[in-house]
Amino acid sequence: MQKILIVGGGVAGSALAIHLARAGREVEIVEISAEVSALGSGITLQGNALRELHALGLWDEVRARGFGFDVLGLRAPDGTVLAEIPDARTGGPDLPATLGMNRPDLAAILHAAVAAAGVAVRFGRTVVSLDPEAGTVVFDDGAAGAYDLIVGADGIRSRMRELIGITTAPEPIGMGIWRVHTARAAGVDRTDLIYGGSCYIAGYCPTSDTEMYAYLVEDARPKGSVEPGAMAAEMRGLAEGYGGPWTEIRAGLTDASRINYTWFESLLVEGPWHRGKVVLIGDAAHACPPTIAQGAAMCLEDASVLAELLLAGAPDPLTAFHARRLPRVKAVVEASVQLCRWQLAHDRAADVPGLMGRVSALLTELP
């Protein structure tokens, strides 16, 4: 598997490309976007994600452009601190438990490493048809190519998943999330979560010395039901009644262009992730709501494991990849969805600490 095509230049595709190109493989990425981009305002990276970024040699850059912390706070809706909980360092004792950063900054770091590794990247291009057994593709500009391996890293709405005949599709959870990228409020030096009030969750995460993102989780409403120009006013209304740093955050909710709204969704392809010479990784094969902040981490782990198997010359590496990754990603997806279901049901008997403890123990283990 010397000549490799990766469809999708997000976290999973970029990380895999770096691993393989540095080892001497001929790697090409096609990315449907016209340039390096990242949706959303910020990202929370747990320790196991940081461990993978460290293995890629990117930790120093990530640390410099992010904001690390080791404690999770719980607050009452009025802002009163209820608990300060040391968070599990799932990436090991030399890395923070958690780091927040701006998504575009992470994308820029990954793509700079992709370019430095000598990967050929074609923006504004994607695959429109393929022959999985032959390893041949036709791109949307009419060009064709033949590869030893084709990787579908094109996200939760993966076209590659459809092209190889996998019909599993994302499922809405029943929750929607409002996010805003804003100036860091006074005193915000970690993630604090509020359960209750007008929303299921009100939370925030510092992403640099000067910036943060904040979010509110509610029942899913029809997409497009709020006009773009009314987004700030709508989020301000939902934030009414939350105190502490939310008083300052709410006052800053004036620019609708800095706010986005999306649904929580989940996806888990339990059967094989490959057909012939085509394999799915990352959100194309499994995706979870952000309740335990493991989306990017699972993508980075996928890239690391697949690269390890390919470079080691493992027999039937694509089957081995699926067998190794499925139990771990299934546990993460199911835990993320379970947390949502408990909240939707207002289940006061839910064993959230027990579930989180089991997940943290799992993620502390190497993938």
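Biologist: Which residue in β6 is the bridge partner of L72?
Modeller: This is a predicted model, in which local features need pLDDT of at least 70, side-chain atom pairs count only at pLDDT 80 or more, and totals for chains, interfaces and linings use all residues. Residues are numbered from 1 along each chain as its sequence is written, and side-chain values use heavy atoms, with hydrogens and water left out. Elements are DSSP runs numbered from the N terminus (helices H or I, at least four residues; strands E, at least two). In β6, L72 is bridged to I85.

Biologist: Over how many bridges do β5 and β6 pair?
Modeller: Two strands pair if DSSP finds at least two bridges between them. Strand β5 (residues 71–75) runs antiparallel to β6, and the number of bridges is 5.

Biologist: Thanks! Which strands stand at the edges of the sheet?
Modeller: The open sheet has 8 strands with mixed pairing, in the order β6-β5-β14-β15-β16-β13-β17-β20. Each edge strand has a single partner, so one side of it is left without a neighbour in the sheet. The two are β6 (81–86) and β20 (286–287).

Biologist: Now the interior: which residues does L53 touch?
Modeller: A nonpolar core joins buried Ala, Val, Leu, Ile, Met, Phe, Trp, Tyr and Cys residues through side-chain atoms within 4.5 Å, where buried means under 20% relative accessible area, exposed over 50% and partly exposed in between (1.4 Å probe, protein chains only). The largest such core has 95 residues, and L53 is among those with the most contacts inside it. Contact means heavy atoms within 4.5 Å. Not counting residues up to four places away in sequence, L53 touches L45, L58, W59, V62, L106, L110 and L300.

Biologist: And how many residues has the other core?
Modeller: That core lies apart from the one with L53. It includes W178, V188, Y204 and M231, and its residue count is 23.

Biologist: Good to know! Is G124 buried or partly exposed, and what is its relative accessible area?
Modeller: G124 sits in the loop between β8 (120–123) and β9 (127–131). Leaving aside neighbours within four places in sequence, G124 is in contact with E31, I32, S33, A34 and D140. The C-alpha atoms of G124 and I32 are 4.5 Å apart, although 92 residues separate them along the chain. G124 is partly exposed, with a relative accessible area of 26%.
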